[in-house]
Structure formats: C-alpha cells, structure tokens
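Student: I keep meeting labels in structure reports. Can we go through where they come from?
Tutor: Yes. Have the structure in view, and we will take the labels one by one.

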Amino acid sequence: MSEEEKLIREPGACVPWEEKRKEFPEICGDEELVKRTWEDVDALGYMYIWQCLLSF
Amino acid sequence: MPAEMERLYAERLKRYTAAMRNEKPDKIPIRPFVAEFTAVYAGLTCQEVTQDYQKAFDAARKCAADFDWDAVVGNMVYGWSGLTQAIGLKYYAVPGVDLPVDTGFQYVEPPEDQAWMQPDEYDQLIEDPTGFLFNVWLPRVSDDVSPMGEPTSMRNNLSFLKGGMAMLDYFGGFGTQAAALRDESGTVSAISGILKAPFDIIADKLRGYKGLVMDLFRQPEKVQAACEALAPHLQHVAASGADPDGNVPIGLWMHRGCSPFVSPAQFERFYWPTLKQIILGLWKDGHQVLFYAEGDWDTHLDYLAELPERSIVFHVDRGDIFEAHKKLGEKFCLSGGIPNDLLAYGTPDEVRDRCKKVIDGVAGNGGYIMDAAAIMQDDTKAESLKAMTDFTREYGVY
C-alpha cells in the first residue's frame with residue numbers, strides 16, 4: 001500500500017489539507033484561504049463517492 | 001409565489017412539522033411516498049421516469065397539484081439511470097433496457113462469491129472507508145472505472161467527469177423541484193438528506209445479505225468494527241444534506257435489520273449501537289430523522305424507545321402500527337400503516353375503513369402522518385389513493 005493510501009481520511013475529506021500542503025514549498029499569500037478552498041472542493045469528491053454508495 | 005400558494009404552503013408546513021414534533025396540528029398531514037405511481041398517473045412509463053428525471057419531476061408535481069397532499073418527495077423514483085449509467089454502475093436493472101418498460105428499476109445483488117466486498121477485506125474497509133470505496137469498491141461496481149494499478153481508459157476518465165457533472169445536475173434539480181412544488185401547489189418537500197444504517201450499507205452495497213449473514217457468525221468482530229468505521233461518515237453525509245432550517249427530517253431507509261432478516265440479539269449487537277450513535281449525534285445538532293422502516297420492526301421497538309423524544313419519526317410498513325403507537329407514541333410521531341396491497345387490490349371503501357381504524361387507533365392526540373405502508377409503485381390505484389386522501393381530509397380534523 002502506498003503512502004497516499006495510508007492517509008487518515010476524516011469524514012468530509014479525500015485528500016486532507018495536511019497532505020496537500022506538503023506539495024506547496026511556500027505560500028506567500030493567505031494560507032487559510034488556500035486551505036479552505038482546497039477542503040471545500042475536496043469535499044465534493046468525498047460527497048461523490050459516498051453518495052454513490054448511499055443514494056445510487 | 002402567488003399569495004394563495006404561499007398561504008397554503010405555510011399552512012401545510014405548519015401542519016406537517018407540528019405532527020412530526022408529536023403535537024396536534026389542525027388536521028392530520030398527508031405525506032404519500034409515491035414512486036412509479038406518479039408515472040402511471042401522469043400517463044408515462046416506468047422507463048420514462050427512470051431515464052428522464054425531468055419527466056419524473058413533472059409527474060411528481062402533477063400528483064402534488066391534483067391530490068390534496070401536504071408533503072411529497074420531489075422524486076421517489078430516485079435512481080436516475082442517466083447518472084447510474086454515467087458512472088457505469090452494474091447493480092441496476094433499468095426499465096426499457098434490462099426490464100420491460102413498465103417495470104420499476106431494480107437493484108441486482110451479485111452472487112455471494114462475487115460480492116462487491118470480499119470476506120477478507122474488512123480490515124481495508126475499517127482502516128480507510130473512503131479510500132476503500134474509491135480504490136476497491138467503485139472499480140468493482142462500475143463497468144467503466146479501471147481497477148487500481150491497471151491501465152486507465154477514456155471510459156474510466158469519462159465516468160468520473162460525467163458522473164460528477166450528472167450528480168450536480170440531478171441534485172441541483174431537486175432544489176428547483178422543491179421551489180416549483182411550493183410555487184405551483186403549495187406542497188412541502190417532505191425530507192432532506194439521506195442516511196442508512198452502517199449494517200444496511202454492508203448488506204446492500206458491500207457484502208450482500210447472504211455474505212453479511214455468514215460474517216455475523218464467522219467474523220462478528222469485523223462486522224462490528226466495520227459498522228463503527230462507517231458510522232461517522234454516514235452521519236457526516238446525512239448532516240451535509242439536512243434541511244438548514246430544521247423543518248423536515250433526514251430520510252433513513254432501513255432494510256436488513258427487520259424480522260426475519262436478523263434476530264433480536266443480532267439487531268442489538270450489530271444494527272443498533274452505531275445507528276443509535278448516529279441518531280444521537282444528528283439530534284444533538286438539531287436534525288430529526290425519519291425512520292422509513294421497511295418490513296416488520298415490531299421486535300425492535302423497545303430499542304427505538306431509547307431515543308430522545310421527538311428525535312425521530314417512525315414509519316410503519318409491515319409491523320403493527322397499534323403496537324408501535326403503544327411503545328413509541330408518547331415520544332415520536334408515527335406515519336404509514338395503510339397496506340400497499342390494499343391500495344393495489346382493495347376497494348375505496350376498504351381503504352377508508354383502514355384509514356379510519358388507523359386514525360382512531362393512533363392519531364387521537366396528534367403525532368401521526370397519513371401514508372401508505374411502503375413506497376407506492378405502479379400497482380397503487382389512483383382511486384385508492386384518492387379515497388385515502390379524501391377520507392383523511394374529511395375525518396382527520398382535530
């Protein structure tokens with residue numbers, strides 16, 4: 001199993017911000033904004049797979 | 001919205017929510033869960049309402065406009081095949097493709113040895129439920145999604161693109177539909193959000209019923225751990241879709257925990273603990289849940305009585321609604337209790353007699369919503385549903 005697959009994925013997340021953050025060497029602007037945007041869109045991926053399981 | 005519809009909507013919402021709080025409204029609310037019935041009533045086939053969700057929405061609105069109902073679901077023919085085909089889901093049998101055009105869509109459970117999750121894969125699910133769904137489950141249930149480590153394909157890529165776009169389109173359509181129901185007929189959208197018990201998810205979509213039953217004996221600790229691993233995710237998804245105004249409940253669709261699918265002891269050990277935990281969490285956050293209890297749940301009513309007052313609405317299918325009222329009526333609103341076979345094969349007088357018996361038996365102090373026992377498909381007769389509706393309107397006045 002790869003490192004990516006060993007992530008702890010809390011409800012609402014597919015790729016947690018803490019993991020994504022490692023891909024940015026430096027964020028010169030508002031990191032909280034980058035984080036929030038990442039998590040909001042990541043949550044759509046989460047909703048996709050769980051809705052597939054639950055609703056369809 | 002026309003003033004008359006605005007007034008009607010407010011009146012119906014007040015009636016519906018009062019009953020769900022186990023209070024006495026002005027009249028008994030009527031909230032029929034009509035699925036393929038809407039197609040027959042609107043002159044459409046099951047194929048049309050399964051494959052063209054706008055037609056399904058139109059048919060639901062036609063019924064809402066023609067019958068004096070307080071609340072409906074925007075589309076109870078929920079499994080839109082445009083979406084399921086975009087994802088490539090294998091477990092649907094679609095009218096007009098796999099089934100006759102006038103047969104409702106079906107779920108197909110694979111043979112036990114081809115279950116979507118194999119018996120030795122519990123640890124993977126428990127360790128990372130979301131990762132398991134993406135990496136193991138989805139490639140198995142989809143004709144198009146490539147298994148991890150195997151070459152990808154255009155169909156693989158398209159399944160995510162089309163599936164995601166279709167899901168947004170469909171869910172967005174429910175918002176539009178709710179507004180149209182309100183504007184056109186003053187009808188309330190009955191539920192918001194979806195929940196299933198962890199045990200049901202394992203039975204329905206992972207191990208299959210037969211596989212899960214074997215697991216209850218061969219590896220019960222794994223089943224318990226899997227239920228515990230799934231619970232926070234299912235609670236999260238339920239809360240994400242809940243009514244932000246807190247008026248209407250989250251729909252909980254209950255399948256495999258009833259008699260005789262599991263014994264009372266199995267229910268107590270496997271089904272109930274994690275479902276109870278989820279309900280308590282949702283209620284703490286202000287979300288009521290509608291227990292759509294398909295089948296006979298009479299042997300489990302004492303467990304349901306453990307839940308906080310008003311935290312759920314309990315819908316009765318094949319159980320004894322009078323027994324449910326005895327055990328739960330002080331704490332929770334009930335709905336249902338009008339058998340579907342009566343609505344399909346009975347006379348209007350027989351339907352009225354049953355409605356009277358149920359109203360007399362359980363609705364005296366409020367806390368009851370009129371509905372059929374189970375989701376109404378293409379065998380429900382319009383004259384029966386009209387008898388149920390009209391009688392309740394005449395007799396169900398407080």
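Student: How many residues of chain A and chain B make up the contact?
Tutor: This is a predicted model. In it, chain A brings 16 residues to the contact and chain B brings 24.

Student: What makes residues count as "in contact"?
Tutor: Their C-beta atoms, placed from the backbone, lie within 7 Å.

Student: Which classes of residue does chain A use where it touches chain B?
Tutor: Eleven are nonpolar, three are polar and two are charged.

Student: Now chain B alone. What elements does chain B have?
Tutor: Chain B has 17 helices and ten strands.

Student: Why is chain B called as compact as a globular protein of its length?
Tutor: Set the value against the rule. The globule rule gives 21 Å for 398 residues. The radius of gyration of chain B is 21 Å, close to that, so the label holds.

Student: What share of chain B counts as buried?
Tutor: Of its 398 residues, 50%.

Student: Take B:Gly336. Where is B:Gly336 found?
Tutor: In strand 9 of chain B, which covers residues 333–336.

Student: Why does B:Gly336 count as buried?
Tutor: The cut-off is 20 or more other C-beta atoms within 10 Å. B:Gly336 has 28 such neighbours, so it counts as buried.

Student: Which residues is B:Gly336 in contact with, leaving aside neighbours within four places in sequence?
Tutor: Among them are B:His315, B:Val316, B:Ile321 and B:Asp371.

Student: How far is B:Gly336 from B:Val40?
Tutor: In sequence, 296 residues; in space, 22 Å, C-alpha to C-alpha.

Terms used: Residues numbered from 1 in each chain as written. Chains lettered and ligands numbered in written order. Predicted model: local features only at pLDDT ≥ 70, side-chain atom pairs only at ≥ 80, totals over all residues. Helix = DSSP H or I, 4+ residues; strand = E, 2+ residues; numbered from the N terminus. Rg over C-alpha atoms; globule rule 2.2 N^0.38 Å. Buried ≥ 20, exposed ≤ 12 C-beta atoms within 10 Å, placed from the backbone. Contact = placed C-beta atoms within 7 Å. Nonpolar A, V, L, I, M, F, W, Y, C, P; charged D, E, K, R; others polar.
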